[in-house]
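The following exercises concern strand pairing, nonpolar packing and charged side-chain pairs. Each task is followed by a solution in steps.

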Amino acid sequence: MNHCWICVFVCLLTCMLQMGAEGESNMLPILFTHQTITEYSKVHEIPYFAKPILIFSINLIHSTLFPPSPYHKTMHFYQTSVPNCDSESQCSNYLHSQPSLPSVPSLTSQPQLQHCSNAYCSTTLKGHNSYISSLTLAGKFLYSGSSDNDIRLWNRNPSSYEPDDDDDDEKESLNDNVVAVGKGAVKSLVVLGDKLFSAHQDHKIRVWKINDQEKDCQKYTRLATLPTLNDRAMRLLVPKNHVQIRRNKKCTWVHHVDTVSALALSSDETLLYSVSWDRTIKIWRTTDFKCLESISNAHDDAINTLALSKDGDVYTGSADEKIKVWRKNNSAEKSHSLVDTLEKHKSGINALALSTDGSVLYSGACDRSILVWEKEDGGAMTVAGALRGHTESILCLVVVSDLLCSGSADKTIRIWRGVDGNYSGMAILEGHGGPVKCLTAAIHHESPSDTCYVVYSGSLDCDIKVWKVMVPLL
């Protein structure tokens, strides 16, 4: 009898331990399926009686080493749910033929695309070894974070970048622009003065001291990891500060216990808001990094995105298909309360963005639609319509002036312009080899006839692309 199935079991166990250490234990059910083990058993002549024992043992060890988080009812990503298709073309035709959210009217007419006179990729920034998950602009620089734990610094000035010629990209490759390295994938970045806040998959928020950026790139000094040691110690001995996170395990309420998915600053920059897949919202003071408040069970599933308006309203989007609106009470406790729940999406919400005046909210989800919410006289948000065109999930949104930029799992970026409630598609930017995970944008320069925008996009293809978009003045 061939006993190599014992070696197989040992190898699979080692793989489980390694993936668990890297925070990828959710991939294990995909790897260790009954079909996979069945095919392997045929090749290596594993005895019939040993196969169910092997499957049972793997499942038992996995559930013991990596118990499911109570905050995850489902795992959501960018894939769109479609029926079984015999070919990729059939699936593509299905996506194009099915209207997303048919109950919501479209805000763009057909044909909805009005090409800009000039929109092109000016350069591709290479250096990350894994997918780009966060981008933010600060002064003359662009910060990027990725799942390889690195935070990199780039010169944001596109004036020296030349357009691509026949898909032969001019690529800027920097090996010495890593300014910080965390202990988990970087999910979000926020800059405040000389401090850089980064949210990570290892449940932590890290604060970095920004060095003199005019000099050669040097590693930033880590100022703090949130929650701070002092914050944890002050609450450790008081029983009411402990919350149940899973059976037989508790921690203080200042801890995130799952991936920190997004960060945002209040308009006065005194507060930092964080949301997490653990379904909580936490508010931190930016001066001493103290956790002031935690809203538990803010959603029924993982919170993926966050947006703050200038008037203090907090918008959170979740895999539970809901957008919730929170507002700070006027009481001395400075606590936040739920004031509205926006329900129109039929799938997990991945991205939120607010117009510059805060009167319009944009939301992107796995249903391939961007919903436009407008604020009524009473302050409540109502859905005005949908922007359609992407063929797969909306993963990121950013607003600059009167433009909305959207990135999707269909590997494209779309540029939309909204004027007095009327929207038109201005451009489709194509060139990434994978889903577009994050965006940021800024005005480059204005002329009497048009405005030049610079759009930065990060993708699962590990590249950052810099786009120039010329938009004619109205």
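Two strands count as paired if DSSP finds at least two bridges between them; strands are DSSP runs of E with at least two residues, numbered from the N terminus. The model is predicted, so local features need pLDDT of at least 70 and side-chain atom pairs pLDDT 80 or more, whereas totals for chains, interfaces and linings use all residues. Residues are numbered from 1 along each chain as its sequence is written, and side-chain values use heavy atoms, without hydrogens and water.

**Exercise 1.** Determine the strand order of the open sheet of 4 strands and its edge strands.

Solution.
Step 1. The order is β17-β18-β19-β20, and the pairing is antiparallel.
Step 2. β17 (303-308) and β20 (336-342) each pair on one side only, which makes them the edge strands.
Step 3. On average, neighbouring strands are turned by 25° against each other, direction ignored; the axes are lines fitted to C-alpha atoms, and angles run from 0 to 180 degrees between N-to-C directions.
Step 4. β19 (residues 323-328) is joined to β20 over 6 bridges, and Trp 326 has Leu 338 in β20 as its bridge partner.

**Exercise 2.** Identify the residues with the most contacts inside the largest nonpolar core, and the strands that supply at least two residues each.

Solution.
Step 1. A nonpolar core is a set of buried Ala, Val, Leu, Ile, Met, Phe, Trp, Tyr and Cys residues joined through side-chain atoms within 4.5 Å. Buried means under 20% relative accessible area, exposed over 50%, and partly exposed in between (1.4 Å probe, protein chains only).
Step 2. The largest such core has 19 residues, with Ile 413, Ile 415, Leu 429, Leu 439 and Val 455 making the most contacts inside it.
Step 3. Strands β25 (394-400), β26 (403-408), β27 (412-419), β28 (422-430), β29 (436-446), β30 (450-459) and β31 (464-472) each supply at least two of its residues.
Step 4. Another core, of 17 residues, lies apart from this one and includes Leu 226 and Trp 284.

**Exercise 3.** Locate the partners of the salt bridge between Asp 463 and Lys 126, and classify their burial.

Solution.
Step 1. A salt bridge places a side-chain nitrogen of Lys or Arg within 4 Å of a carboxyl oxygen of Asp or Glu; the whole structure has 11.
Step 2. For Asp 463 and Lys 126, the N to O distance is 2.8 Å.
Step 3. Asp 463 lies in the loop between β30 and β31 and Lys 126 in strand β1 (residues 118-126), 337 residues apart.
Step 4. Asp 463 is buried because its relative accessibility is 10%, whereas Lys 126, at 27%, is partly exposed.
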